[in-house]
Amino acid sequence: MQYGILSVEQLRQAFHGAKAVLGANKAYVDSLNVFPVPDGDTGTNMHLTLSAAVREMDSRDTDNVTALLQALSSGALMGARGNSGVILSQLFRGFYQGAEKGEFDSRSLANAFRKAAEVAYRSVIKPVEGTMLTVARACAEGAQQKAGEGGDCLAVLETALSHAEEALKNTPRLLPVLAEAGVVDAGGQGLVFIIRGMIAGLKGEVGPGEDAGVAGQVPAATATTSPINLTYRYCTELIIKGQGLNGEGLKKELLELGDSLLVVGDEHMLKVHIHTNRPGLVLEKAVELGTLFDIKIDNMEEQHRESKFFEEPAPPRPLKEMAVVAVTVGEGLTTILQSLGVDVVIPGGQTMNPSTEDLLAGIREAGARQVIVLPNNKNIFLAAEQAKTLAEQEGIQAAVIPARNFPQSVAAMLSYHQEESLEDNRQRMTEALDTVRTGEITFAVRDSQYNGFNINRGEILGLADGEIVAKGEKIDEVALHLLEQLGAGEYELLSVYFGQDVTEEDAAVLQETIQDRFPQLEIEMHNGGQPLYYYIFGLE
């Protein structure tokens with residue numbers, strides 16, 4: 001088989017191989033997470049992101065390399081989960097942008113890897129060496145070196161892999177926390193598996209069916225508004241190819257023709273998505289710019305009528321000026337946020353990071369011109385920022401408040417005033433995050449060395465503002481130690497949210513124990529119903 005110039009089918013095989021190899025090893029990548037608590041696992045998030053990219057790639061019947069890579073990039077963008085998934089989506093975005101628009105030879109492949117690393121680095125505000133970014137850059141350097149020597153595409157991939165593996169081995173030297181835990185960077189390891197899989201797929205050593213039906217795969221989010229009696233009936237999608245394409249100009253022309261508008265791409269190719277009653281006019285405006293491909297027009301009302309899960313639609317809600325979208329899990333926590341004024345709660349958090357598409361769907365569902373987003377988990381920040389950017393392309397102003405946990409979210413909502421401006425709310429809610437200290441009681445999911453602690457799987461862990469400060473065998477003892485580390489003696493109010501694995505009787509015993517140790521505290525107990533975390537504490 002020749003690898004001098006890759007065909008569309010060879011590229012499909014390569015990315016199916018990447019998905020299969022990463023899927024087979026995602027549990028191992030998860031095990032490399034330095035933090036031993038139940039968290040949004042790196043391998044799972046990267047695999048779900050890659051799966052979304054491959055699904056979108058497979059949905060396009062095209063013999064054009066550029067269109068294939070654009071579909072891969074678009075799928076990764078909307079399916080990105082967790083910070084590692086978002087960075088992976090940016091790698092795919094750069095890969096698509098860097099690939100030359102003609103034949104996909106070894107130089108084009110090397111350029112694609114180079115651009116992928118550049119775009120990924122730019123997507124992170126403060127890039128850290130010793131992470132998957134470092135591995136991506138080493139991969140690009142190896143690819144460019146081999147392409148410059150005249151190697152074919154397979155040789156370029158194999159050299160890129162060897163450079164990536166060497167960089168991966170070096171990550172503990174660059175990040176002391178990795179050295180302490182005795183592991184390499186999880187995201188970098190995931191990227192190495194992806195490149196290995198590309199090689200295996202290209203050589204025919206793994207097929208597209210070998211990774212089917214992966215446990216835990218989450219289907220892509222769908223629009224939350226019922227498609228009966230829609231204001232706009234036709235879901236219209238197309239790709240425009242040409243020279244000097246003006247995406248912003250087209251977006252302005254299409255805004256008045258419908259909603260859910262998305263125009264993404266560059267000066268050579270644009271992907272357009274819109275819900276409209278005049279798909280013909282959309283095509284007329286698009287064809288003025290260039291050549292149209294992959295035109296798809298669906299009657300959403302008819303699609304819903306044919307569904308066996310038909311339900312009567314809720315009456316349309318008037319568009320509000322401002323709304324809040326938050327991410328959390330647990331019936332009690334959800335009810336609390338709704339009582340504080342949150343309009344849409346997206347299920348998610350530790351181990352179940354919502355995708356960019358899930359977050360964008362929640363922003364749309366809020367039905368407001370301006371939307372505030374509370375991620376409540378640092379591993380959701382990047383996906384929330386991507387959803388914000390996409391929402392703004394649809395004409396919805398958005399702001400992401402960097403709340404890392406539930407108590408911070410509550411503090412932010414207590415500072416929220418719906419009648420004030422988005423910027424005023426953003427500033428005030430962000431400032432409110434520092435008014436509360438947060439403690440969490442959970443358990444270790446693996447043996448680990450972290451922050452000076454020798455941690456055994458199954459031990460109870462106490463986290464102060466996200467850092468492990470206590471461990472032990474009994475929940476109540478760890479809880480008291482954690483509160484001491486948080487300086488509970490200097491605070492007046494303690495809010496306690498107990499999880500789904502804690503009985504009300506056990507929670508009452510802990511309340512009495514805490515009250516005996518810290519008599520000045522006013523303690524409020526809430527049944528949060530959250531999984532994985534026995535207790536969440538908020539000190540004010």
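Here are a few friendly notes on a helix pair and a sheet in this predicted model.

1. A good place to start is helix 2, residues 42-58, together with helix 9, residues 186-202. Their axes approach within 9 Å and cross at roughly 40°. Angles of 35 to 65 degrees fall outside the parallel and perpendicular classes, and the two helices are therefore oblique to each other. The crossing of helix 2 past helix 9 is right-handed.

2. Which residues make this contact? On the helix 2 side they are T42, M46 and L50, and on the helix 9 side A186, G187, G190, L191 and I194. Sorted by class, the contact holds five nonpolar and three polar residues, with no charged ones.

3. Next, have a look at the open sheet, which is built from six strands in the order 15-14-11-18-16-17 with mixed pairing. Strand 15 (467-472) and strand 17 (522-527) are the edges, each pairing on one side only. From one strand to the next, the twist averages 20°.

4. Within the sheet, how do strand 11 and strand 18 pair? Strand 11 (residues 437-443) runs antiparallel to strand 18 (residues 535-539), and five bridges join them. If you would like one pair to find on screen, try T438, whose bridge partner in strand 18 is G538.

5. Finally, helix 18 (residues 475-485) packs on this sheet. The strands touched by helix 18 are strand 11, strand 14 (460-464), strand 15, strand 16 (493-498) and strand 18. The direction of helix 18 makes about 145° with that of strand 15.

How values were computed: Residues are numbered from 1 along each chain as its sequence is written. This is a predicted model: local features need pLDDT of at least 70, side-chain atom pairs count only at pLDDT 80 or more; totals for chains, interfaces and linings use all residues. Side-chain values use heavy atoms; hydrogens and water are left out. Axes are lines fitted to C-alpha atoms, for helices over the stretch in contact, and angles run from 0 to 180 degrees between N-to-C directions. Helices (H or I, at least four residues) and strands (E, at least two) are DSSP runs, numbered from the N terminus. Angles under 35 degrees count as roughly parallel, over 145 as roughly antiparallel, 65 to 115 as roughly perpendicular and the rest as oblique. A crossing is left-handed if the near helix is turned anticlockwise from the far one by less than a right angle, and right-handed if clockwise. Contact means heavy atoms within 4.5 Å. Ala, Val, Leu, Ile, Met, Phe, Trp, Tyr, Cys and Pro count as nonpolar, Asp, Glu, Lys and Arg as charged, and the others, Gly among them, as polar. Two strands pair if DSSP finds at least two bridges between them.
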